[in-house]
Amino acid sequence: MFAALVLCVVFVNRASAHLDFHEHQVAMMGEPIDVSTEPWTSQFGTQVDLGYTGPLSFSHLPYLRCLDDGAARFDIGILGFPFDTTTSFRPGARFGPFAIRSGSRRQGLGRATLAWGTSPEEQGAALLDCGDVPLSATDNVRALAQMEAAYSTLLMRPVHGGTSAKYKSRTAAFALDGQEHPRLVTLGGDHTIVLPILRSLYKVYGPVSVIHFDAHLDTWPQAVGDAVTHGTFFDVAAHEGLMTNTSIHAGIRCHLNTFADIEHDTSVGFQVISTEDIDDYGLPAIIKSIRQRVGRSPVYLSFDIDVVDPGFAPATGTVEPGGWTTREVKRILRGLSGLNFVGADIVEVAPAYDSADITGIAAADIVFDFLTMMQMDAPPAPHAGPFTEADVLR
Ligand SMILES: [Mn+2]
């Protein structure tokens, strides 16, 4: 009997890649015994997970393999796209989902901050970590098809409908079918993952506008016959008609080949806010410009971690010095609350180049902000403290 059990365990371990997750768990279970009198439970109670222990999910959210689990329900899902085979310089963003989840372990999604005055959970959407999509690491065409299929699958799932009375419908008003659709926060992955995401969103919403935080344009023309890369995917998306011409970049500071790069960028629907504009116009003007540009259109937010200064986020593939601080991008994100967000991502986190997990922790904190930003009707009022309304920067 014991030998049979050992054999069974060996079999299960070897076959785990082919077993349904729940089948695997069931295979580990025997007849239940009363644990309440055992030394651990009788003295110390529940085997809780601490901030730095336990299985890895985003901020200790419940974790389900949503693609396999038709019973999974969520209003905002976290989804990993571990993909980095269309990068032009340093690879490694396939480890981004792992690094961002790892960086999120000390966060509590039920805990408010002074800046927000609320927490993601308090806003009422059911949050779930839907796991990672098993993408081809050797065939980009196949990987892009896998990403589109996975994203489309979850986008068409019924929503949970909220965990409290504070929950509000956010997408039914402009979805083509008039239905509420779940929203996904995707953990990249190199930036090309946005192309299959925009293809999926198009089927539900039609063309969307994009708010694109990045040091780079990512609209460089795709030459005929060339494969898509993390620097050309927006050009492809524009030519496929997936975006409105009311998109906007924030934080651009890359070296241009020529100024024709900007002319082309404009022709595919983007305006540019440069990194340096923060010094010349200030944060309130940047927020106002983005809000005016996208208006009430369905809007997708794509956040390349390289928009943040490499001093605050070194672990990325194409580093550009002189960027915004983590605090500055968090201030802009708060200011975008209330726009019609249909989804968001954070991409290009490549933890092999990290130092003390600084980039993974910053990325996780930015996702924490997404989860509140996507649920609020308007930006939060600034923390009051010793100040008055007249002190607020406009
Ligand atoms: Mn990018």
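Both faces of strand S7 are covered in this predicted model. On one side sit Pro 298, Tyr 300, Ser 302 and Asp 304, all buried. On the other side sit Val 299, Leu 301 and Phe 303, buried as well. In a regular strand, side chains alternate between the two faces of the sheet. Seven of the seven residues of S7 are buried, so the strand is largely enclosed by the rest of the structure.

**The sheet around S7**

Where does S7 sit in the strand order? The open sheet has eight strands, in the order S2-S1-S3-S8-S7-S4-S5-S6, so written with S7 between S8 and S4. The pairing is parallel. Strand S2 (127-132) and strand S6 (270-274) are the edge strands, and each pairs on one side only. From one strand to the next, the twist averages 15°.

The table lists four of the parallel pairs.

| Strand pair | Bridges | A facing pair of residues |
|---|---|---|
| S4 (residues 209-213) and S7 | Five bridges | Phe 213 and Phe 303 |
| S7 and S8 | Seven bridges | Phe 303 and Ile 346 |
| S3 (residues 183-188) and S8 (residues 340-347) | Four bridges | Leu 187 and Ile 346 |
| S5 (residues 247-252) and S6 | Five bridges | Ser 247 and Phe 270 |

Follow one row of residues across the sheet. Phe 213 stands opposite Phe 303 in S7. Phe 303 has Ile 346 as its bridge partner in S8. Ile 346 is in turn the bridge partner of Leu 187.

**Crossovers and helices**

How does the chain get from S5 to S6? It passes through helix H8 (residues 260-267), and this β-α-β crossover is right-handed. S7, helix H11 (residues 326-335) and S8 also make a right-handed β-α-β unit.

Other helices pack on the sheet. Helix H6 (residues 194-205) touches S3, strand S7 (298-304) and S8. The direction of H6 makes about 170° with that of S8. Helix H12 (residues 358-373) touches strand S1 (76-81), S2, S3, S7 and S8. The direction of H12 makes about 175° with that of S8.

**The core**

Which residues have the most contacts inside the largest nonpolar core? They are Ile 346 and Val 367, in a core of 94 residues. Helix H12 gives the most to this core, with 10 residues.

Ile 346 has a long list of partners beyond its neighbours within four places in sequence. Among them are Leu 187 and Phe 303, along with Ala 363, Ile 366 and Val 367. Ile 100, Gly 188 and Ile 305 complete the list.

**A residue outside**

Is Ser 355 buried or exposed? Ser 355 has 8 C-beta neighbours inside 10 Å, so it counts as exposed. Ser 355 lies in the loop between S8 and H12. The C-alpha atom of Ser 355 is separated by 7.7 Å from that of Ala 315, although the two are 40 residues apart along the chain.

**The whole chain**

The chain holds 12 helices and eight strands. Its radius of gyration is 22 Å, close to the 21 Å that the globule rule gives for 394 residues, so the chain is as compact as a globular protein of that length. The C-alpha atoms fill a box of roughly 75 × 60 × 45 Å along the principal axes. Of the 394 residues, 44% count as buried. Among contacts with a separation of 6 or more, 78% join residues 24 or more positions apart.

Notes
Residues numbered from 1 in each chain as written. Predicted model: local features only at pLDDT ≥ 70, side-chain atom pairs only at ≥ 80, totals over all residues. Pairing = 2+ DSSP bridges. Helix = DSSP H or I, 4+ residues; strand = E, 2+ residues; numbered from the N terminus. Axes fitted to C-alpha atoms, helices over the stretch in contact; angles between N-to-C directions. Contact = placed C-beta atoms within 7 Å. Rg over C-alpha atoms; globule rule 2.2 N^0.38 Å. Buried ≥ 20, exposed ≤ 12 C-beta atoms within 10 Å, placed from the backbone. Core = buried A, V, L, I, M, F, W, Y, C linked by C-beta atoms within 7 Å. Right-handed = clockwise from strand over helix to strand, strands pointing away.
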